[in-house]
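Student: I have a model on screen and a list of terms to test against it. Can we work through them one by one?

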Amino acid sequence: MTEQAGKKADMDHVHLSDDGKHVVILDQSKLPGKTEYLTLETAQDIYEAIVTCDR
């Protein structure tokens with residue numbers, strides 16, 4: 001792994017919840033002023049996060 005790839009892996013933009021049941025993503029629409037994460041619990045949540053990401 002290159003140094004640059006290693007740095008990207010250290011960024012925690014997408015990960016599983018502590019219980020491993022949900023996807024947690026960085027809400028980039030709040031950047032740079034606020035760091036906020038969204039917990040996506042269902043396929044519908046994931047769909048809506050993808051569809052609304054460019055609005």
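Tutor: Start with a definition: a salt bridge is a side-chain nitrogen of Lys or Arg within 4 Å of a carboxyl oxygen of Asp or Glu. Keep in mind that this is a predicted model.

Student: What makes the contact of Glu 36 and Lys 34 a salt bridge?

Tutor: The N to O distance between their side chains is 3.3 Å. The cut-off is 4 Å, so the pair qualifies as a salt bridge. By this rule the count is 1 salt bridge.

Student: Why are Glu 36 and Lys 34 called partly exposed?

Tutor: Glu 36 has 25% relative accessibility. Lys 34 has a relative accessible area of 47%. Buried means under 20% and exposed means over 50%, so a value in between is called partly exposed. Both residues therefore count as partly exposed.

Student: Which side chain of opposite charge is nearest to Asp 27, and why is there no salt bridge?

Tutor: The nearest one is Lys 30, 4.4 Å away. A salt bridge must be within 4 Å, so Asp 27 has none. Asp 27 is nevertheless buried.

Student: Where is Asp 27, and what does it touch?

Tutor: Asp 27 sits in the loop between S2 and S3. Leaving out residues up to four places away in sequence, Asp 27 touches Glu 36, Tyr 37 and Leu 38.

Student: What makes the pair Asp 27 and Ser 29 a polar contact?

Tutor: Their side chains are joined at 2.5 Å. The limit for a polar contact is 3.5 Å, so the distance passes.

Student: How do you know that S1 and S2 pair?

Tutor: Count the bridges. Strand S1 (residues 14-16) and strand S2 (residues 23-26) are joined by 3 bridges. At least two are needed, so they pair. The two strands run antiparallel. Leu 16 stands opposite Val 23 of S2. Their hairpin has 6 residues between the strands, and Gly 20 there takes a positive phi near 75°.

Student: What makes S2 and S3 a pair?

Tutor: S2 and strand S3 (residues 37-40) share 4 bridges in the antiparallel sense. Again at least two are required, so S2 and S3 pair. In S3, Thr 39 is the bridge partner of Val 24.

Student: What is special about the bond of Leu 31 and Pro 32, and where is Pro 32?

Tutor: A cis peptide bond joins Leu 31 and Pro 32, with omega about 0°. Pro 32 is in the loop between S2 and S3.

Student: Is Cys 53 buried or exposed, and how do you know?

Tutor: Its relative accessible area is 60%. Exposed means over 50%, so Cys 53 is exposed. Cys 53 lies in the segment after helix H2 (43-51). Its C-alpha atom is 8.3 Å from that of Gln 28, although the two are 25 residues apart along the chain.

Student: Why is Asp 12 called partly exposed?

Tutor: Asp 12 has a relative accessible area of 42%. That value is not over 50% and not under 20%, so Asp 12 is partly exposed. Asp 12 is in the loop between helix H1 (3-10) and S1.

Student: What pattern does the protein chain follow, and how many of each element are there?

Tutor: The pattern along the sequence is α-β-β-β-α. There are 2 helices and 3 strands. Of the 55 residues, 16% count as buried.

Technical notes: Residues are numbered from 1 along each chain as its sequence is written. This is a predicted model: local features need pLDDT of at least 70, side-chain atom pairs count only at pLDDT 80 or more; totals for chains, interfaces and linings use all residues. Side-chain values use heavy atoms; hydrogens and water are left out. Buried means under 20% relative accessible area, exposed over 50%, partly exposed in between (1.4 Å probe, protein chains only). Lys and Arg count as positive and Asp and Glu as negative; His and the chain ends are not counted. A polar contact is a pair of N or O atoms within 3.5 Å; within protein, one must be able to donate a hydrogen and the other to accept it, and residues adjacent in sequence count only if both atoms are side-chain atoms. Contact means heavy atoms within 4.5 Å.
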